Amino acid sequence: MKNKSNVNSIDYFNDFHNTNRSKKHLTAMTSCGVKEKITHFEDLANEIIYEVFEYLDFFNIYKGFFHINYRFRYVVMESTLIPIKINIPLMSQSTFVDYNQDIIIPNIQRIHIVQITIDEYSSIEHLIIIDSISVYQLVNLLSYVPHLRYLSAYLSNSNVFVQTNLPNFTLNNLTSASFTFQDTTFHHLEQILMNRFSFIEILRITSDSTCIDGNRWKQLILTYLTNLHVFDIFLIQHDMSNDDTKEVFEEQISPFQSSFWIERQWFFDYRLEKVPFCTYGIISSVGPYRKKDFTLRVQLNEMTIRNENRIIFKSVNHLLITNENALNQCMNYFPNITELTLKNPFSIDTYGLIGTSLNRILSLEQVKTLVIQLECFSILNLIDLLCSMPNIHTLTLHTMTFFKQNKTSIEQNENFQLLFKTNRIKNVIFLQKCCALSRLEILVMLFPHLEYLEINIEMNNIESILRFLLDENNQINRHLNLLCFQYVQNYDLKHFNSLINSGILRFNHKTIYINERLYLWSLC
C-alpha cells in the first residue's frame, strides 16, 4: 500500500475508482454469514469510507461527497474520525462562500490546520495574521505577496527559523507594519526587516525584553529602514522585583535618550508597573505626532533615571492628570489642550495651586471642557480655578464640597464676582447626589449663561427643584433650554408625571425618558 503522506488526494481518488471499475464489484460478508456483492462505493460500510477519506484532502471530500445525499453529508460533518485539515486552493468566490458556510464555520472548533494557496502574483495589499506564525513561515509567505502595503502579524516559535532557506526579495509597496513578538530574538527580527522592508514608513513593535536594545535599533534604522518616520514600540521587561534587574533595565533605557531619537521626535516613556506578586518594566512610545489623548502618570520612586527631554505634544487635545505628583514631575508641554480631566488622588492642600501648576504645562485659556474628579473639591476651589480658565464651555463635576459657605458669603467673594461677569460656561454636569435646593441654587448662580444642566437628585425633592429651575421670572435660568435628571426609575417617572398632570407646576416642556435619564426640553 502507498504511504498516505505521499499520495496525491486526487490521484488516489481516481485510482480507487479505476480499480473499482476494473474489478466490477467488491465482496463483503453480511451479518448472517452470506457473501454479498457491492457494486457501488456508497454501499461500503462507514468504517471503510473513513479509511478512504484519510487519503483525500478535506476540500476534495467536500466537493466530491457533501452534496451526494444525506448519508455522505452526515459522514463528512458528524464524524470525529475524520481529522479536519483545511487546505484552501485557488477557487472562485462563490465556491469559497459555499465551502466556508458548509464546512469552515460549522466545524471551526474541529479544524486543526489551515493552509492557503496563494498565487505567486497575488494582489493582496492588506494582510493581518491573528494566529501565531514563525519568522521562517512569515518570510516565505511574504515572498508571494509582492503588492503588500500593510502587514500585521503575531510572531513566535523562533526555534524553527532557518536562515539558509529564506528567499531574497524586497517589498517595494509595504509602507506600514505591526509585529507582536513572543519567544523571538532580536536577531530574527533583524532578518525580517533587513533588505526586505526598505520602504517601510510606519513600524509598530510589541515585544518582551529581547527587543529592548536602543543601539541595535539605531543601527537597524540607519542602515535598512531609512524611510521610517513613525516608530512605535511597547516593550516589557518581566520580573523587576529585585535591585539587580532594575539596574539592568535602567541601563537598557539609556540608549533611548540619545540625540538620535530626539532629532527624529521619537520619545519614550519608561516606568515600573506593579501587579500582585510582580513588577514590570515598560518602555513605550509617546510620539507627539499621533496621540489625541494623553495620561500623565507618576513615575515610581524605584526609578532613578528620568526622562529629561521636554516634549512638545502638539497633537494632544485631551489631557488626563491622575495625581499631583504626575503633574509636578511633568516636563512636557501640551499647547493644544481643549479638554482637561483632573482625577484623584490629589491632596486637598494643593487644590489652590492647581491652576499655577497647570499653567506650566498647557495653555489654560485654550481649555474648553473641564472634568473634575477630585474629592472634597470645594466651591471656592472651583471658583478660583475657573477664573484662570475663561473659555470653559462644558464643566463636569463628580463632587463639590461647600463646607461653611452659603449663598451670601459666596456672592461676596471677589473671585465669584469676576467669574460671574466673565465665564462662558453653557453646559454643566453634576454627578454627585444633590439633595438640597440651596446647593443647586449656588451651582446655577455661578453660570448665568447656562443652557444645559444635568444633575443627580433625590426625586422626592423634584417639585421644589422644578419650581426653581422652571420659574419664568427667574433671570438666572433664562437661557436654560435642556434639563436632565440622572438615574430616574419608573416609579420616579410616575411621581413626575403626577406633578405635571395635576397642574401644580407651570410646564411648557417636551419630556424624553431614555436609559434612566429624564430630559426636559423647553418648547419656548
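This tour moves through the structure one selection at a time and says what is found at each stop.

**Before starting**

The structure is a predicted model, in which local features need a pLDDT of at least 70 and side-chain atom pairs count only at pLDDT 80 or more, while totals for chains, interfaces and linings use all residues. Residues are numbered from 1 along each chain as its sequence is written, and side-chain values use heavy atoms, with hydrogens and water left out.

**The whole chain**

Display the whole chain, which has 18 helices and 21 strands. These elements are DSSP runs numbered from the N terminus: helices are H or I runs of at least four residues, and strands are E runs of at least two. Of the 524 residues, 43% count as buried, where buried means under 20% relative accessible area, exposed over 50%, and partly exposed in between (1.4 Å probe, protein chains only).

**The seven-stranded sheet**

Next, select the open sheet of seven strands, whose order is E5-E6-E7-E8-E9-E11-E10, with mixed pairing. Two strands pair if DSSP finds at least two bridges between them. Which strands stand at the edges? They are E5 (126–133) and E10 (268–275); each has a single partner strand, so one side of each is left without a neighbour in the sheet. From one strand to the next, the twist averages 5°.

Begin at the edge strand E5, which runs parallel to E6 and is joined to E6 by six bridges. Ile-128 stands opposite Ser-152 in E6. The chain passes from E5 through H6 to E6 in a right-handed β-α-β crossover; right-handed means that, with the strands pointing away from the viewer, the path from the first strand over the helix to the second runs clockwise.

Then select E8 (residues 202–208) and E9 (residues 230–237), a parallel pair joined by seven bridges. Thr-206 has Phe-234 in E9 as its bridge partner. Helix H6 (residues 135–142) packs on the sheet, where H6 touches E5, E6 (150–155) and E7, and the direction of H6 makes about 160° with that of E5. Angles run from 0 to 180 degrees between N-to-C directions, and axes are lines fitted to C-alpha atoms, for helices over the stretch in contact.

**A residue in E7**

Now select Ser-176, which is found in strand E7 (residues 176–181). Is Ser-176 buried or exposed? Its relative accessible area is 13%, so Ser-176 is buried. Leaving aside residues up to four places away in sequence, Ser-176 touches Arg-149, Tyr-150, Leu-151, Ile-200 and Ile-202, a contact being heavy atoms within 4.5 Å.

**Two packed helices**

Helix H7 (residues 186–193) lies across E6, E7 and E8, at about 160° to E7. Add helix H8 (residues 214–224): H7 and H8 pack at an angle of about 10°, with their axes 11 Å apart. The two helices are therefore roughly parallel to each other (angles under 35 degrees count as roughly parallel, over 145 as roughly antiparallel, 65 to 115 as roughly perpendicular and the rest as oblique). Phe-186, His-187, Leu-189, Glu-190 and Leu-193 in H7 meet Arg-216, Trp-217 and Leu-220 in H8.

**Helix H18 and a hairpin**

Select Asp-492 in helix H18 (residues 490–502). Asp-492 counts as buried, at 11% relative accessibility.

Finish at strands E20 (residues 509–514) and E21 (residues 517–522), which pair in the antiparallel sense over six bridges. His-509 stands opposite Ser-522 in E21. E20 and E21 form a hairpin with two residues between them, and Asn-515 in the turn has a positive phi of about 50°.
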